[in-house]
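Trainee: Could you take me through one part of this model in detail? I'd like to look at the sheet where the two chains meet, and at what surrounds it.

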There are 2 protein chains.
Amino acid sequence: MSELRRDPIAGRWIIVDTDHPNKPEDYEHEPTIWKGQANCPFCYGNESQTPPEIIAIREPGTAANTPGWHVRVVSNKFPALQVEGDIDRRGLGIYDLSNGVGAHEVIIDSPYHTKDISDLENHEIANVITTLCNRILDLRRDKRFKYILIFKNFGPAAGASLEHPHTQLVALPMVPKNVKEELNGARNYFDFRERCIFCDIIRQELQEKERIVFENKHFLAFCPFVSRFPFEIWIIPKKHNGYFSQMPSEEVPDLALIIKEVISRVKKVFGNPAYNFMIHTSPINGDQNVEGYHWHIEFMPKLTRVAGFEWGTGFYLVPTPPEMAAKYLKEEKQG
Amino acid sequence: MSELRRDPIAGRWIIVDTDHPNKPEDYEHEPTIWKGQANCPFCYGNESQTPPEIIAIREPGTAANTPGWHVRVVSNKFPALQVEGDIDRRGLGIYDLSNGVGAHEVIIDSPYHTKDISDLENHEIANVITTLCNRILDLRRDKRFKYILIFKNFGPAAGASLEHPHTQLVALPMVPKNVKEELNGARNYFDFRERCIFCDIIRQELQEKERIVFENKHFLAFCPFVSRFPFEIWIIPKKHNGYFSQMPSEEVPDLALIIKEVISRVKKVFGNPAYNFMIHTSPINGDQNVEGYHWHIEFMPKLTRVAGFEWGTGFYLVPTPPEMAAKYLKEEKQG
């Protein structure tokens, strides 16, 4: 018999196959193969092929847009949204539209073409985290923006068009639908219980233990009870905080370590799978802030294809129960 | 400059690339190649390899579970949900769960292994449509079910695990999230305007004409102003009707024709792309019926990959404006 589970935050149902669960080897996923790329615009020496750098962490004495950087941020050469102009919302009969105002930046994680973020040293990952926070703190001063999403696509199967590992940032003039749903769920729970729903989830996971993948002093990584995807993992700060960009600096090394640990374990189980992760954080510049919201990272290895059932319902079919996924990911440590 | 568009029904935003739109040849999609399959369980002579047939349209005098059928319905051998038992909803700390009660059936469109639904004759497609309606009318008598979803996955890239073309039906003990969102949107619009939002959309599309792909007396096919996917097409009855299964019989031949026409045109433009379609219809057995809801089919060729931006926001990036997609699909007729 399968099991239906309901996400306590957004109210999404999933169907977990508890009867004939998939083992890791049952997934026919498309592994990510490093192919190399001549004249990669994200490699040393090719800095002129990207738009000019916005910021970078650099070796002392090196000039902008030349080699010597550790992390480098540039505008996306093919932005989904453009940074100039005022927002012009209007109707067209029954429809609504707006010009595409926003920011779309690329954070080049490191100069190494074939090092994923989990292959970097802890201090190098910490540099990426600090850079992401700094970009948010800068962009939030632009009052046109209501939300900043940070995400990573790794591997062609996860939508990455360039091989050199990078992270993306999009600043949007509205709070997106999926974020609103989470905020509403968190608000309803807080109104009802006067507690943060994410803090309650952390408490239950620490007590039950069976979905925990890894933890350290400041962070917990676990396979959520209502995963949308098999082997989905959330990384969440143990101490309540609504804003990724307001992370206390003493938490940064722990976050770097847990990101490295989580991705490395997934790679040990699945080779080098494509994956996405998204940082879920509170909106900016508006009254949509929610007391019971708690920032976190959602990490999803790309093992399955979304099909008609998912598109039609918003339900997700999860072939491996999260409890079992956590077990595979934990056992890899001993291997 | 790109354009932001907001879906008037569910409130979803999309970003349309109006500046550097993709032409059909710009999509690197995975075409569906007929490979053939020894001992296909959906081919004539292999009827014993599937669970026993629930209903079939057959040549007179042929016995159940033998050749001679035109359309055949069986239970899914690996069902996502199981039909036996009562629904047992319960809590587990902060989480909610239920046993996986539901029905999961497979409708084998025809005995032809390498004929997609658009390759069938009109009367054969009409047989499939009638069979789908009959399955709903039968299953809705089971009061445990609140929603019946019909969908098709064609091609491995769209999640099809068997090559022989088939359609799927899932009966669920709750109204799924995506359907609830559409129902809420339609209800809000009806409360405000006392009109069906889908009827208003049809009116505007017939007036503006630029997104229409094909129409006949009873149906309209158009690329929605707020498509989530490039070359997405909706097929909708021109006359208001909340229930697919209550389609007047005189509309069936027109629906068969427009399904054939739409899929054929997409195949002329893209070869044999993978695709999904879902039938969106009103819930059953509940008080969630909505006066302003209007059944329709959402057809989505699988041309792009959903990535971190979409998962993080619920926004969609659409590289070809729907107006341009409709133009490509229309021009193919003359070719």
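**Around strand S2 and the chain contact**

Mentor: Let's start on strand S2 (residues 13–16) of chain A, where A:Trp13 and A:Ile15 point one way, A:Ile14 and A:Val16 point the other way, and all are buried. That fits the usual pattern, since side chains in a regular strand alternate between the two faces of the sheet. Bear in mind that this is a predicted model.

Now for the neighbours of S2(A). On one pairing, strand S1 (residues 3–6) of chain A runs antiparallel to S2(A) over 4 bridges, and A:Leu4 has A:Ile15 as its bridge partner there. S1(A) and S2(A) make a hairpin with 6 residues between them, and in the turn A:Gly11 has a positive phi of about 75 degrees. S2(A) also pairs with strand S15 (residues 316–318) of chain A, this time parallel, through 3 bridges; A:Ile14 sits opposite A:Tyr316 in that pairing.

Switch to chain B and you can follow a sheet across the chain boundary. Its 5 strands are ordered S5(A)-S6(A)-S1(B)-S2(B)-S15(B), and the sheet is open with mixed pairing. Strand S5 (89–92) of chain A and strand S15 (316–318) of chain B are the edges, each pairing on one side only. On average, neighbouring strands are turned by 30 degrees against each other, direction ignored. The crossing from one chain to the other is made by strand S6 (residues 95–99) of chain A, which pairs with S1(B) in the antiparallel sense over 4 bridges; look for A:Ser98 opposite B:Leu4. Further along, S2(B) and S15(B) run parallel, joined by 3 bridges, with B:Ile14 opposite B:Tyr316.

Step back to the whole contact, and you find 54 residues from chain A and 54 residues from chain B in it. Among the elements giving two or more residues to chain B's side are strand S1 (3–6), strand S6 (95–99), helix H2 (177–193) and helix H3 (197–208) of chain B. That side of chain B has 29 nonpolar, 16 polar and 9 charged residues.

Finally, the symmetry. Chain B superposes on chain A (RMSD 0.0 Å) after a rotation of 180 degrees with 0.0 Å of shift along the axis, which means the two are related by a two-fold axis. Both copies use the same surface, as 100% of the contact residues of chain B recur in chain A. If you want a spot to find the rotation axis from, try B:Val306: among the residues of chain B, its C-alpha comes closest, at 4.5 Å.

Conventions: Residues numbered from 1 in each chain as written. Chains lettered and ligands numbered in written order. Predicted model: local features only at pLDDT ≥ 70, side-chain atom pairs only at ≥ 80, totals over all residues. Contact = placed C-beta atoms within 7 Å. Nonpolar A, V, L, I, M, F, W, Y, C, P; charged D, E, K, R; others polar. Pairing = 2+ DSSP bridges. Least-squares fit on C-alpha atoms with pLDDT ≥ 70 in both. Axes fitted to C-alpha atoms, helices over the stretch in contact; angles between N-to-C directions. Buried ≥ 20, exposed ≤ 12 C-beta atoms within 10 Å, placed from the backbone.
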